[in-house]
Amino acid sequence: MKLITTIDNLPPVLAASVSAEERAYIEGISACNGLPFAVTPHFASLAGPEPEDPIRRQFMPDPREAQGDAFALNDPLGESYHRATPRLIHQYRDRALLKTTGFCGGFCRFCFRRVWMAEKTPFITAAELDPVLDYLNTHPEIREILISGGDPLTASDERLEWLFQGLRSANPALSLRVCTRLPITAPDRITSEFIGLLRRFSPLRLAVHINHPREFSAESRRVLTAITEAGIPVLVQTVLLKGVNDDTETLTALFRKCRDLGLIPYYLFQLDLAPGTAHFRVPLKQGLALYRELQGTLVPALMETDPVLPAYAVDLPGGGGKIRLSQDCIAGGKNRPGGRVYLLKDKNGKLWPYPAD
Ligand code: SF4
(Lines give C-alpha, C1' and ligand atoms only; values in the text may rest on other atoms or scores of the structure.)
Protein backbone atom coordinates (compact mmCIF):
# COMPACT_ATOMS: atom_id res chain seq x y z
CA MET A 1 0.00 0.00 0.00
CA LYS A 2 1.35 3.39 -0.99
CA LEU A 3 1.88 5.62 2.04
CA ILE A 4 3.36 9.07 2.46
CA THR A 5 5.84 8.87 5.35
CA THR A 6 7.83 12.08 4.96
CA ILE A 7 6.70 15.69 4.91
CA ASP A 8 8.41 16.34 1.60
CA ASN A 9 6.20 13.72 -0.09
CA LEU A 10 2.98 15.41 0.98
CA PRO A 11 1.05 17.44 -1.63
CA PRO A 12 3.05 20.72 -1.95
CA VAL A 13 0.37 22.87 -0.31
CA LEU A 14 0.36 20.61 2.76
CA ALA A 15 4.14 20.25 2.90
CA ALA A 16 4.39 24.05 2.88
CA SER A 17 1.93 24.23 5.79
CA VAL A 18 4.10 22.15 8.17
CA SER A 19 5.55 24.38 10.88
CA ALA A 20 9.14 24.12 12.09
CA GLU A 21 7.82 22.78 15.39
CA GLU A 22 5.77 20.06 13.67
CA ARG A 23 8.72 19.12 11.46
CA ALA A 24 11.08 18.78 14.42
CA TYR A 25 8.51 16.66 16.26
CA ILE A 26 7.88 14.38 13.27
CA GLU A 27 11.61 13.87 12.73
CA GLY A 28 11.97 12.87 16.37
CA ILE A 29 9.16 10.28 16.36
CA SER A 30 11.19 7.41 14.95
CA ALA A 31 14.04 8.14 17.35
CA CYS A 32 11.68 7.52 20.29
CA ASN A 33 9.79 4.60 18.63
CA GLY A 34 6.55 6.55 18.67
CA LEU A 35 3.55 6.10 16.39
CA PRO A 36 4.99 6.79 12.92
CA PHE A 37 3.80 9.49 10.57
CA ALA A 38 2.00 7.89 7.63
CA VAL A 39 -0.96 8.87 5.49
CA THR A 40 -2.31 7.61 2.18
CA PRO A 41 -2.08 9.98 -0.81
CA HIS A 42 -5.88 9.84 -1.04
CA PHE A 43 -6.52 10.91 2.55
CA ALA A 44 -3.84 13.62 2.34
CA SER A 45 -5.57 14.97 -0.78
CA LEU A 46 -8.71 15.63 1.29
CA ALA A 47 -6.88 17.84 3.81
CA GLY A 48 -6.57 21.60 3.82
CA PRO A 49 -3.36 23.38 4.87
CA GLU A 50 -4.77 25.14 7.95
CA PRO A 51 -3.54 23.58 11.23
CA GLU A 52 -7.15 23.31 12.41
CA ASP A 53 -8.36 21.52 9.26
CA PRO A 54 -10.33 18.46 10.52
CA ILE A 55 -8.72 16.02 8.09
CA ARG A 56 -5.18 17.35 8.57
CA ARG A 57 -5.53 17.14 12.35
CA GLN A 58 -6.27 13.42 12.13
CA PHE A 59 -2.97 12.42 10.51
CA MET A 60 -0.48 15.24 11.11
CA PRO A 61 1.64 14.54 14.21
CA ASP A 62 1.16 17.25 16.81
CA PRO A 63 3.90 18.22 19.30
CA ARG A 64 1.22 18.07 22.02
CA GLU A 65 1.45 14.26 21.71
CA ALA A 66 4.66 14.48 23.74
CA GLN A 67 2.96 16.23 26.67
CA GLY A 68 2.34 14.11 29.73
CA ASP A 69 -1.17 12.90 30.56
CA ALA A 70 -1.74 11.57 34.06
CA PHE A 71 -4.64 9.43 32.82
CA ALA A 72 -2.90 7.80 29.83
CA LEU A 73 -2.84 4.01 29.65
CA ASN A 74 -0.67 1.94 27.30
CA ASP A 75 -3.54 -0.56 27.05
CA PRO A 76 -6.55 1.76 27.42
CA LEU A 77 -9.17 -0.93 26.74
CA GLY A 78 -7.51 -3.36 29.16
CA GLU A 79 -7.32 -5.95 26.38
CA SER A 80 -4.48 -7.75 28.12
CA TYR A 81 -6.95 -8.80 30.87
CA HIS A 82 -9.14 -10.57 28.31
CA ARG A 83 -6.46 -12.13 26.12
CA ALA A 84 -7.34 -15.71 25.15
CA THR A 85 -4.32 -16.16 22.84
CA PRO A 86 -1.64 -13.58 21.93
CA ARG A 87 -3.92 -12.34 19.08
CA LEU A 88 -7.42 -13.05 20.41
CA ILE A 89 -9.36 -10.94 22.92
CA HIS A 90 -12.43 -12.57 24.47
CA GLN A 91 -14.22 -10.05 26.68
CA TYR A 92 -17.90 -10.47 25.80
CA ARG A 93 -19.52 -13.89 25.99
CA ASP A 94 -20.72 -14.21 22.39
CA ARG A 95 -18.03 -12.33 20.48
CA ALA A 96 -14.27 -12.06 20.30
CA LEU A 97 -11.77 -9.75 18.62
CA LEU A 98 -8.78 -10.77 16.53
CA LYS A 99 -5.81 -8.41 16.21
CA THR A 100 -4.69 -9.36 12.72
CA THR A 101 -1.97 -6.77 12.08
CA GLY A 102 -0.30 -3.65 13.40
CA PHE A 103 -0.47 -1.90 10.01
CA CYS A 104 -3.04 0.60 8.77
CA GLY A 105 -3.71 2.84 5.79
CA GLY A 106 -1.92 5.64 7.63
CA PHE A 107 -1.89 6.28 11.35
CA CYS A 108 -4.61 8.24 13.13
CA ARG A 109 -2.97 10.44 15.76
CA PHE A 110 -5.72 9.56 18.26
CA CYS A 111 -5.37 5.79 17.73
CA PHE A 112 -6.56 3.80 20.75
CA ARG A 113 -4.10 0.98 19.98
CA ARG A 114 -1.29 3.48 19.59
CA VAL A 115 1.28 1.43 21.51
CA TRP A 116 0.44 -1.81 19.66
CA MET A 117 0.57 0.04 16.31
CA ALA A 118 3.99 1.50 17.07
CA GLU A 119 5.29 -2.08 17.49
CA LYS A 120 4.61 -2.69 13.74
CA THR A 121 3.30 -6.23 14.30
CA PRO A 122 2.98 -8.10 10.96
CA PHE A 123 -0.11 -9.93 9.70
CA ILE A 124 -1.08 -13.00 11.72
CA THR A 125 0.85 -16.15 10.87
CA ALA A 126 -0.34 -19.77 10.73
CA ALA A 127 1.45 -20.45 14.02
CA GLU A 128 -0.45 -17.57 15.63
CA LEU A 129 -3.77 -18.53 14.07
CA ASP A 130 -3.67 -22.18 15.24
CA PRO A 131 -4.29 -21.41 18.93
CA VAL A 132 -7.06 -18.99 17.90
CA LEU A 133 -8.80 -21.79 15.98
CA ASP A 134 -8.37 -24.20 18.89
CA TYR A 135 -9.95 -21.63 21.19
CA LEU A 136 -12.89 -21.03 18.83
CA ASN A 137 -13.39 -24.78 18.56
CA THR A 138 -13.76 -25.11 22.29
CA HIS A 139 -15.87 -21.93 22.74
CA PRO A 140 -18.95 -22.39 20.54
CA GLU A 141 -20.64 -19.58 22.49
CA ILE A 142 -18.59 -17.15 20.36
CA ARG A 143 -21.03 -16.25 17.58
CA GLU A 144 -19.14 -13.36 15.99
CA ILE A 145 -15.51 -12.43 15.52
CA LEU A 146 -14.29 -8.88 14.96
CA ILE A 147 -11.42 -8.96 12.50
CA SER A 148 -9.47 -5.94 13.61
CA GLY A 149 -5.93 -4.65 13.84
CA GLY A 150 -4.58 -2.24 12.69
CA ASP A 151 -6.44 -2.59 9.46
CA PRO A 152 -6.91 -6.14 8.11
CA LEU A 153 -7.45 -4.77 4.60
CA THR A 154 -3.75 -3.87 4.43
CA ALA A 155 -3.31 -7.62 3.79
CA SER A 156 -3.88 -9.11 0.33
CA ASP A 157 -7.15 -10.76 -0.70
CA GLU A 158 -5.32 -14.10 -0.61
CA ARG A 159 -4.25 -13.66 3.01
CA LEU A 160 -7.73 -12.54 4.01
CA GLU A 161 -9.33 -15.51 2.25
CA TRP A 162 -6.93 -17.85 4.09
CA LEU A 163 -7.89 -16.19 7.38
CA PHE A 164 -11.66 -16.26 6.76
CA GLN A 165 -11.49 -19.92 5.72
CA GLY A 166 -9.54 -20.81 8.84
CA LEU A 167 -12.05 -19.08 11.11
CA ARG A 168 -15.00 -20.75 9.40
CA SER A 169 -13.30 -24.14 9.61
CA ALA A 170 -13.22 -23.70 13.40
CA ASN A 171 -16.88 -22.68 13.55
CA PRO A 172 -18.93 -22.76 10.31
CA ALA A 173 -21.66 -20.57 11.88
CA LEU A 174 -19.26 -17.80 12.90
CA SER A 175 -20.32 -14.33 11.81
CA LEU A 176 -17.48 -12.07 10.63
CA ARG A 177 -17.20 -8.33 11.33
CA VAL A 178 -14.32 -6.79 9.39
CA CYS A 179 -13.13 -3.49 10.91
CA THR A 180 -11.46 -1.09 8.50
CA ARG A 181 -10.83 2.53 7.52
CA LEU A 182 -9.57 1.83 3.99
CA PRO A 183 -12.83 2.60 2.13
CA ILE A 184 -12.12 6.15 3.38
CA THR A 185 -8.33 6.41 3.35
CA ALA A 186 -7.57 4.19 0.33
CA PRO A 187 -10.77 3.51 -1.63
CA ASP A 188 -8.79 1.98 -4.50
CA ARG A 189 -8.19 -1.03 -2.18
CA ILE A 190 -11.89 -1.90 -2.57
CA THR A 191 -11.88 -3.79 -5.87
CA SER A 192 -14.69 -5.86 -7.34
CA GLU A 193 -12.59 -8.96 -6.50
CA PHE A 194 -12.44 -7.89 -2.88
CA ILE A 195 -16.20 -7.31 -2.75
CA GLY A 196 -16.67 -10.77 -4.26
CA LEU A 197 -14.50 -12.19 -1.48
CA LEU A 198 -16.66 -10.53 1.18
CA ARG A 199 -19.80 -11.92 -0.45
CA ARG A 200 -18.46 -15.46 -0.41
CA PHE A 201 -18.06 -15.28 3.38
CA SER A 202 -21.56 -14.13 4.34
CA PRO A 203 -22.68 -13.65 7.11
CA LEU A 204 -20.17 -10.83 7.15
CA ARG A 205 -20.43 -7.15 8.02
CA LEU A 206 -17.98 -4.36 7.37
CA ALA A 207 -17.42 -1.84 10.21
CA VAL A 208 -15.96 1.33 8.71
CA HIS A 209 -14.34 4.08 10.80
CA ILE A 210 -15.52 7.52 9.55
CA ASN A 211 -15.14 10.77 11.53
CA HIS A 212 -16.07 13.69 9.30
CA PRO A 213 -18.45 14.27 6.38
CA ARG A 214 -15.55 15.52 4.24
CA GLU A 215 -14.13 12.00 4.34
CA PHE A 216 -16.86 10.97 1.87
CA SER A 217 -14.89 11.64 -1.32
CA ALA A 218 -16.46 10.68 -4.65
CA GLU A 219 -14.25 7.54 -4.70
CA SER A 220 -15.25 6.55 -1.16
CA ARG A 221 -18.94 7.06 -1.93
CA ARG A 222 -18.58 4.91 -5.02
CA VAL A 223 -16.93 1.96 -3.24
CA LEU A 224 -19.23 2.13 -0.21
CA THR A 225 -22.23 2.07 -2.55
CA ALA A 226 -20.76 -0.90 -4.41
CA ILE A 227 -20.35 -2.76 -1.10
CA THR A 228 -23.90 -2.11 0.08
CA GLU A 229 -25.31 -2.93 -3.37
CA ALA A 230 -23.53 -6.29 -3.08
CA GLY A 231 -25.68 -6.93 -0.01
CA ILE A 232 -22.92 -6.47 2.57
CA PRO A 233 -24.12 -4.50 5.63
CA VAL A 234 -21.84 -1.55 6.45
CA LEU A 235 -21.72 -0.28 10.03
CA VAL A 236 -20.06 3.06 10.80
CA GLN A 237 -18.10 3.88 13.94
CA THR A 238 -17.00 7.41 14.74
CA VAL A 239 -14.64 8.77 17.39
CA LEU A 240 -15.68 12.04 19.00
CA LEU A 241 -12.63 14.28 18.50
CA LYS A 242 -11.96 17.80 19.72
CA GLY A 243 -11.39 20.13 16.80
CA VAL A 244 -12.52 17.52 14.26
CA ASN A 245 -16.19 16.70 14.78
CA ASP A 246 -17.20 18.03 18.22
CA ASP A 247 -20.15 20.08 17.01
CA THR A 248 -23.74 19.25 16.13
CA GLU A 249 -23.57 20.45 12.52
CA THR A 250 -20.62 18.23 11.63
CA LEU A 251 -22.01 15.10 13.28
CA THR A 252 -25.51 15.68 11.90
CA ALA A 253 -24.07 16.04 8.39
CA LEU A 254 -21.94 12.91 8.91
CA PHE A 255 -24.77 10.68 10.10
CA ARG A 256 -27.18 11.96 7.44
CA LYS A 257 -24.63 11.21 4.74
CA CYS A 258 -24.28 7.73 6.17
CA ARG A 259 -28.03 7.23 5.88
CA ASP A 260 -28.10 8.57 2.33
CA LEU A 261 -25.49 5.97 1.38
CA GLY A 262 -27.30 3.11 3.15
CA LEU A 263 -24.68 2.86 5.91
CA ILE A 264 -25.62 2.23 9.55
CA PRO A 265 -24.01 4.51 12.19
CA TYR A 266 -23.64 2.28 15.26
CA TYR A 267 -21.11 3.84 17.66
CA LEU A 268 -20.01 7.37 18.51
CA PHE A 269 -17.05 6.70 20.81
CA GLN A 270 -15.78 8.86 23.61
CA LEU A 271 -11.99 8.96 23.23
CA ASP A 272 -9.97 6.17 24.83
CA LEU A 273 -7.08 7.14 27.10
CA ALA A 274 -4.15 6.22 24.86
CA PRO A 275 -0.92 8.14 25.50
CA GLY A 276 -0.38 11.32 23.48
CA THR A 277 -4.05 11.80 22.58
CA ALA A 278 -5.40 14.03 25.38
CA HIS A 279 -5.60 17.08 23.08
CA PHE A 280 -8.34 15.23 21.14
CA ARG A 281 -10.45 14.52 24.24
CA VAL A 282 -13.88 16.19 24.43
CA PRO A 283 -14.86 16.68 28.10
CA LEU A 284 -17.47 14.11 29.04
CA LYS A 285 -20.17 16.63 30.04
CA GLN A 286 -19.67 18.45 26.75
CA GLY A 287 -20.00 15.15 24.88
CA LEU A 288 -23.25 14.39 26.70
CA ALA A 289 -24.64 17.86 25.89
CA LEU A 290 -23.66 17.42 22.25
CA TYR A 291 -25.37 14.04 22.14
CA ARG A 292 -28.57 15.53 23.60
CA GLU A 293 -28.54 18.11 20.81
CA LEU A 294 -28.06 15.34 18.25
CA GLN A 295 -31.04 13.50 19.68
CA GLY A 296 -33.05 16.65 19.07
CA THR A 297 -31.76 17.06 15.53
CA LEU A 298 -31.94 13.45 14.43
CA VAL A 299 -34.98 12.16 16.31
CA PRO A 300 -37.37 12.62 13.36
CA ALA A 301 -35.12 10.31 11.38
CA LEU A 302 -35.35 7.72 14.15
CA MET A 303 -39.01 7.28 13.26
CA GLU A 304 -37.88 6.06 9.86
CA THR A 305 -36.79 2.51 9.20
CA ASP A 306 -33.05 3.31 8.95
CA PRO A 307 -31.40 4.33 12.22
CA VAL A 308 -29.30 7.49 11.96
CA LEU A 309 -28.16 8.25 15.48
CA PRO A 310 -25.45 5.88 16.79
CA ALA A 311 -25.03 4.94 20.45
CA TYR A 312 -22.73 7.29 22.38
CA ALA A 313 -20.40 4.86 24.15
CA VAL A 314 -17.10 4.51 25.94
CA ASP A 315 -14.80 1.61 26.67
CA LEU A 316 -14.32 1.88 30.41
CA PRO A 317 -10.59 2.50 30.89
CA GLY A 318 -8.61 -0.53 31.95
CA GLY A 319 -10.92 -3.33 30.80
CA GLY A 320 -14.41 -2.53 32.08
CA GLY A 321 -15.98 -2.99 28.65
CA LYS A 322 -18.33 -0.80 26.65
CA ILE A 323 -21.18 1.14 28.18
CA ARG A 324 -23.67 3.56 26.66
CA LEU A 325 -23.01 7.03 28.01
CA SER A 326 -25.72 9.06 29.65
CA GLN A 327 -25.99 11.38 32.62
CA ASP A 328 -27.32 8.39 34.62
CA CYS A 329 -24.11 6.40 34.34
CA ILE A 330 -22.10 9.10 36.18
CA ALA A 331 -22.16 8.03 39.81
CA GLY A 332 -20.10 10.94 41.14
CA GLY A 333 -16.77 12.68 40.87
CA LYS A 334 -13.43 12.71 42.65
CA ASN A 335 -10.27 14.77 42.61
CA ARG A 336 -7.23 12.71 41.69
CA PRO A 337 -3.57 13.82 41.49
CA GLY A 338 -3.86 14.29 37.67
CA GLY A 339 -7.18 16.16 37.84
CA ARG A 340 -10.87 15.52 38.38
CA VAL A 341 -12.47 12.22 37.33
CA TYR A 342 -16.04 11.06 36.99
CA LEU A 343 -16.96 7.63 38.27
CA LEU A 344 -18.77 5.70 35.55
CA LYS A 345 -21.02 2.76 36.43
CA ASP A 346 -20.75 -0.45 34.45
CA LYS A 347 -23.73 -2.81 34.09
CA ASN A 348 -22.84 -4.51 37.38
CA GLY A 349 -22.68 -1.23 39.29
CA LYS A 350 -18.86 -1.28 39.50
CA LEU A 351 -17.30 2.21 39.26
CA TRP A 352 -14.57 3.17 36.78
CA PRO A 353 -12.81 6.57 36.73
CA TYR A 354 -12.74 8.62 33.52
CA PRO A 355 -11.21 12.14 33.37
CA ALA A 356 -13.68 14.99 33.56
CA ASP A 357 -11.72 17.16 31.08
S1 SF4 B 1 -7.67 3.18 11.56
FE2 SF4 B 1 -8.03 2.54 13.69
S3 SF4 B 1 -6.36 1.12 14.20
FE4 SF4 B 1 -5.74 2.29 12.34
S5 SF4 B 1 -4.55 4.02 13.09
FE6 SF4 B 1 -6.69 4.69 12.88
S7 SF4 B 1 -7.62 4.36 14.91
FE8 SF4 B 1 -5.70 3.17 14.84
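The following exchange covers the cavity and some salt bridges of a predicted model.

Residues are numbered from 1 along each chain as its sequence is written, and side-chain values use heavy atoms, without hydrogens or water. In this predicted model, local features need pLDDT of at least 70 and side-chain atom pairs count only at pLDDT 80 or more, while totals for chains, interfaces and linings use all residues.

Trainee: How much space lies in the largest cavity?

Mentor: A cavity is a set of points on a 1 Å grid over the protein atoms alone where a 1.4 Å probe fits but cannot get out. Points are joined across faces, edges and corners, and the volume is the space filled by probe spheres set on them. The count is 1 cavity of 30 Å³ or more. The space in the largest cavity is about 880 Å³.

Trainee: Which residues that line the largest cavity are the closest to its centre?

Mentor: Lining residues have an atom within 4 Å of a point. There are 46 of them, and the closest to the centre are Phe112, Arg113, Ser148, Cys179 and Gln237.

Trainee: Which parts does the pair of arginine 205 and glutamate 144 tie together?

Mentor: Their side chains meet in a salt bridge at 2.9 Å, N to O (a side-chain nitrogen of Lys or Arg within 4 Å of a carboxyl oxygen of Asp or Glu). The pair ties together parts 61 residues apart in sequence, because arginine 205 and glutamate 144 lie in strand 6 and strand 4 (strands are DSSP runs of E, at least two residues, numbered from the N terminus).

Trainee: Is aspartate 315 buried or exposed?

Mentor: Aspartate 315 forms a salt bridge with lysine 322 at 3.4 Å, N to O. Buried means under 20% relative accessible area, exposed over 50%, partly exposed in between, with a 1.4 Å probe and protein chains only. At 7%, aspartate 315 is buried.

Methods: On a 1 Å grid over the protein atoms alone, a cavity is a set of points where a 1.4 Å probe fits but cannot get out, and a pocket is an open set with protein on both sides within 12 Å along at least five of seven lines; lining residues have an atom within 4 Å of a point. Helices (H or I, at least four residues) and strands (E, at least two) are DSSP runs, numbered from the N terminus.
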